[in-house]
Amino acid sequence: MAVTLLVAGCSLMGTGRDSQAPTVTLVTHDSFVISDELRKRFRQDSGYRLRILRKGDAGELTNELVLTKDAPIGDVAFGVDSTYLSRAVDNGVFASYSPENGDHIPIEYAYGGNDSPTPVDAGDVCVNIDLRWFEQHDLEPPAELADLAEPRYAGLFAVPDPATSSPGLAFLLNTVSTFGEQGWQNYWQRLLANDVRISSGWQQAYKQDFSGSSGGGSRPIVLSYASSPAAEVDRNGQPRTKALLETCYRQVEYAGVIDGTTNLQGARELMDFLLSWKFQRRMPEQMYVYPVLLGVELPDSWRDVAPRPSEPTEMKPQRVERNRAEWIRQWRSLTNR
């Protein structure tokens with residue numbers, strides 16, 4: 001997804017006019033969320049005013065950053081994830097900067113050097129199930145990816161298109177990693193034979209096809225996130241859905257100062273804010289992602305309904321960049337899409 005934020009930077013003391021504050025620009029994805037409280041806090045702490053401009057999903061965001069790298073459209077980019085990161089880095093999108101609190105990020109999230117780009121959050125892409133549906137139909141839920149191709153789950157699974165959806169791409173990469181270069185296509189053939197429903201994006205798969213969401217679709221199995229069940233708790237505090245933690249693929253979102261920015265000071269202020277404790281603590285509630293800073297606790301409600309996967313599948317961004325286009329081409333050939 002892609003979102004653009006513009007933040008203006010100047011001291012507000014003595015002026016009383018926020019419109020006179022200078023602006024810093026954050027280019028991000030459509031799912032970026034920040035509360036009015038945090039926006040005001042950033043303005044008070046830095047003197048910069050924050051504006052938001054959206055640019056689609058993570059893939060569209062990356063494309064925009066690459067296409068405009070010789071005439072940058074912003075000062076900071078947030079939301080390029082690990083499935084697209086190498087393309088942005090190889091095209092020189094990011095300038096070097098190590099924000100405050102960067103030393104509190106686990107080393108496994110880092111990309112290349114220690115200073116740029118900077119991990120900001122992690123969102124594990126996992127298969128989710130509608131608990132009530134499985135209870136009502138007296139069917140044992142699947143436990144791992146291989147189970148989804150079994151006949152007993154025919155017509156139950158909805159997944160976004162990996163060519164047009166970032167979580168869909170994460171699922172494709174998960175199948176490549178899990179079943180290998182020689183086995184992933186056979187796995188997809190079995191899914192197709194099992195009547196998997198492929199939608200254009202996550203919104204359609206989760207909000208329309210999935211029976212456990214507000215849309216009340218017909219499919220009780222969907223590709224979503226490990227954190228999604230936190231948004232599906234009933235009025236009694238009981239989870240209505242569950243993420244299958246043996247099916248997860250780790251997506252890390254990065255932020256960085258855009259190379260060529262004319263507002264370097266504002267960009268650094270914004271990067272520091274994205275890695276601040278105050279911002280990181282609010283990320284789970286605002287964007288349903290896991291913060292990267294060590295020591296930031298998840299909301300109490302997440303501990304039982306949205307625990308973090310202990311061993312998600314991962315793939316090096318460099319390998320993704322080398323093979324992404326070809327894997328998508330092969331997938332399209334298999335699915336006739």
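Student: In β10, which residue is the bridge partner of A77?
Tutor: This is a predicted model: local features need pLDDT of at least 70, side-chain atom pairs count only at pLDDT 80 or more, and totals for chains, interfaces and linings use all residues. Residues are numbered from 1 along each chain as its sequence is written, and side-chain values use heavy atoms, with hydrogens and water left out. Strand β4 (residues 76-81) runs antiparallel to β10, with 5 bridges between them. In β10, the partner of A77 is G256.

Student: Which residue in β10 stands opposite A122?
Tutor: Strands are DSSP runs (E, at least two residues), and helices are too (H or I, at least four), numbered from the N terminus. Two strands pair if DSSP finds at least two bridges between them. β5 and β10 are antiparallel and share 7 bridges. Opposite A122 in β10 is V252.

Student: How many residues of strand β10 are buried?
Tutor: Buried means under 20% relative accessible area, exposed means over 50%, and partly exposed lies in between (1.4 Å probe, protein chains only). One side of β10 has Y249, Q251, E253, A255 and V257, the other has R250, V252, Y254 and G256, and all are buried. Strand β10 (residues 249-257) is largely enclosed by the rest of the structure, because the buried count is 9 of the 9.

Student: Why do side chains switch sides along a strand?
Tutor: Start with an example: in β6, F157 and V159 are on one side, A158 and P160 are on the other, and all are buried. In a regular strand, side chains alternate between the two faces of the sheet.

Student: Which residue in β8 is the bridge partner of F157?
Tutor: Strand β6 (residues 157-160) and β8 run parallel and pair over 2 bridges. A158 is matched with V222 in β8. For F157, the partner in β8 is I221.

Student: Which residue in β8 does I129 stand opposite?
Tutor: Strand β8 (residues 221-225) is mostly covered, with 5 of its 5 residues buried. Strand β5 (residues 118-130) joins it in the antiparallel sense through 5 bridges. Opposite I129 stands I221.

Student: Which residue in β7 stands opposite P160?
Tutor: β6 and strand β7 (residues 197-199) pair in the parallel sense, with 3 bridges. Opposite P160 in β7 is S199.

Student: Which element has the highest mean pLDDT?
Tutor: pLDDT is the predictor's confidence in each residue, from 0 to 100. For the protein, the mean is 90, and 93% of residues reach 70 or more. The lowest mean among the elements, 37, belongs to strand β1 (residues 2-9), and the highest, 98, to helix α6.

Student: Over which residues does pLDDT stay under 50?
Tutor: Where pLDDT is low, the predicted coordinates should not be read in detail. The model has 93 contacts (heavy atoms within 4.5 Å) beyond four places in sequence for the stretch under 50, residues 1-17.

Student: At what angle do helix α1 and helix α8 pack?
Tutor: Axes are lines fitted to C-alpha atoms, for helices over the stretch in contact, and angles run from 0 to 180 degrees between N-to-C directions. L38, F42 and S46 in α1 meet E269, L270 and F273 in α8. The axes of α1 (residues 36-46) and α8 (residues 264-274) are 11 Å apart, and the angle is about 130°.

Student: How far apart are the axes of α5 and α6?
Tutor: Among the residues making the contact are F171 and L172 of α5 and W184 and Y187 of α6. Helix α5 (residues 166-179) and α6 pack at about 120°, with an axis separation of 8 Å.

Student: How far apart in space are E100 and D272?
Tutor: E100 lies in the loop between α3 (85-90) and β5, and it is exposed at 55% relative accessible area. Leaving aside neighbours within four places in sequence, E100 is in contact with D272 and L275. E100 and D272 are 172 residues apart in sequence, but C-alpha to C-alpha they are apart by 5.4 Å.

Student: What is the phi of N101?
Tutor: Most residues other than glycine have a negative phi. N101 is in the loop between α3 and β5. N101 is not a glycine, yet its phi is positive, at about 75°.

Student: What is the relative accessible area of D138?
Tutor: D138 sits in the loop between α4 (131-136) and β6. Its phi is positive, near 50°, though it is a residue other than glycine. D138 is exposed, with a relative accessible area of 74%.
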